[in-house]
Amino acid sequence: MTLPLIGITGRVEQAVRPPNPLLHAVAQSYVRAVELGQGAPLIIPPHLEQDHLRAIFERLDGLLLSGGGDIEPAFFGEPSSGLLWQVDGQRDRTELALARWALAEKLPLLAICRGIQVLNVAAGGTLIQDIPTQMPGALAHNAVLRPLEQIAHTVEIVAGSRLAGLVGDGKVEVNSAHHQAVKSVGPGLVISARAPDGIIEGLEASNHPFCVGVQWHPEVLVADRPEMRRLFEGLVEAARNR
Ligand code: MN
């Protein structure tokens, strides 16, 4: 049996070794988690013309929108707060196109961290550009100084959601490395998880075979947490059944 092909969106990174070329990369944890879920991972270059991107998309059985920097606020119709981090408008265009195609053409889709924000903007939603300044009193969601694997807060999973079917309902402990979050939810998407401070931590599309977004990083938790592995197994199962 051929393993389902899961595209993982890449980012641009500069090599540390001279002559320091620009690389198209993804964190190894995403690749490993897809492999663990029995999918065949494929890194999608972040800067491609539409025809080239489309040629890749048409061969995919599933899509993983990975984490990374902030989305250019013009894509959701807002001026920049001036508090943005690692904006790459070309990557935004690539991922927004992939997310819109996946929504419209029912390609199974798992969206992680920045990915849930891309999914929401692709559906017509907006983002909180900086949680500490726009939501004073919110939890410390941006854990840049602690290991990514470290638990940062709980989320309350909405009973009856697809997410609850994968990771269980009620309270689940998660990690957290984001200073942005979903503000208004895009049409067609529903909230599947929230942090205790009200920050949206999960979105999904009900009218879709598998469209799941999480604000935390399950890909670094798969070794010890079978319920986090279920997210990747669920994506690959949906991709196989397509
Ligand atoms: Mn969080």
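How many bridges join strand 6 to strand 13, and in which direction do the two strands run? There are 4 bridges between strand 6 and strand 13 (residues 211-214), and the two strands run parallel. Strands here are DSSP runs of E with at least two residues and helices are runs of H or I with at least four residues, both numbered from the N terminus; two strands pair if DSSP finds at least two bridges between them.

The model is predicted, with local features needing pLDDT of at least 70, side-chain atom pairs counted only at pLDDT 80 or more, and totals for chains, interfaces and linings using all residues. Residues are numbered from 1 along each chain as its sequence is written, and side-chain values use heavy atoms, with hydrogens and water left out.

**Strand 6 and its neighbours**

Ile112 of strand 6 has Val214 in strand 13 as its bridge partner. Strand 6 is also joined to strand 5 (residues 62-65) by 3 bridges, again in parallel, and Leu65 is the bridge partner of Ala111. Between strand 5 and strand 6 the chain passes through helix 3, and this β-α-β crossover is right-handed, meaning that, with the strands pointing away from the viewer, the path from the first strand over the helix to the second runs clockwise. In a regular strand the side chains alternate between the two faces of the sheet. In strand 6, Leu109 and Ala111 point one way, Leu110 and Ile112 the other way, and all are buried. Buried means under 20% relative accessible area, exposed over 50%, and partly exposed in between, with a 1.4 Å probe and protein chains only.

**Nonpolar cores**

A nonpolar core is a set of buried Ala, Val, Leu, Ile, Met, Phe, Trp, Tyr and Cys residues joined through side-chain atoms within 4.5 Å. The largest one has 33 residues, and Leu64, Leu110, Ile157, Leu163, Trp216, Leu231 and Phe232 touch the most other members. Elements giving two or more residues to this core include strand 1 (5-9), strand 9 (170-174) and helix 7 (226-240). Helix 7 supplies the largest share, 7 residues. Residues up to four places away in sequence aside, the contacts of Leu163 include Ile157, Glu204, Val214 and Leu231, where contact means heavy atoms within 4.5 Å. Another core, of 31 residues, lies apart from the largest one and has Ala111, Ala122, Ile200 and Ala205 among its members.

**Manganese site**

The protein donors of the manganese ion are His141 (ND1), His153 (NE2), Ser176 (OG), His178 (NE2) and Glu201 (OE), at 2.2 to 2.3 Å. Donors are N, O and S atoms within 2.8 Å of the metal (3.2 Å for Na, K and Ca); water is not among the atoms, so sites may look incomplete. The spacing of the donor residues in sequence is H-x11-H-x22-S-x1-H-x22-E. His153 belongs to strand 8 (residues 153-157) and Glu201 to strand 12 (residues 200-205), so the pair ties together parts 48 residues apart in sequence. His153 and Glu201 are both buried.

**Backbone in loops**

The peptide bond from Pro18 to Pro19 is cis, with omega near 5 degrees. Pro19 sits in the loop between strand 2 (11-14) and strand 3 (22-25). Two residues that are not glycine have a positive phi:

| Residue | Phi | Loop | Relative accessible area |
|---|---|---|---|
| Gln38 | about 75 degrees | helix 1 (28-36) to strand 4 (40-44) | 44%, partly exposed |
| Lys106 | about 60 degrees | helix 3 (89-104) to strand 6 (109-112) | 31%, partly exposed |
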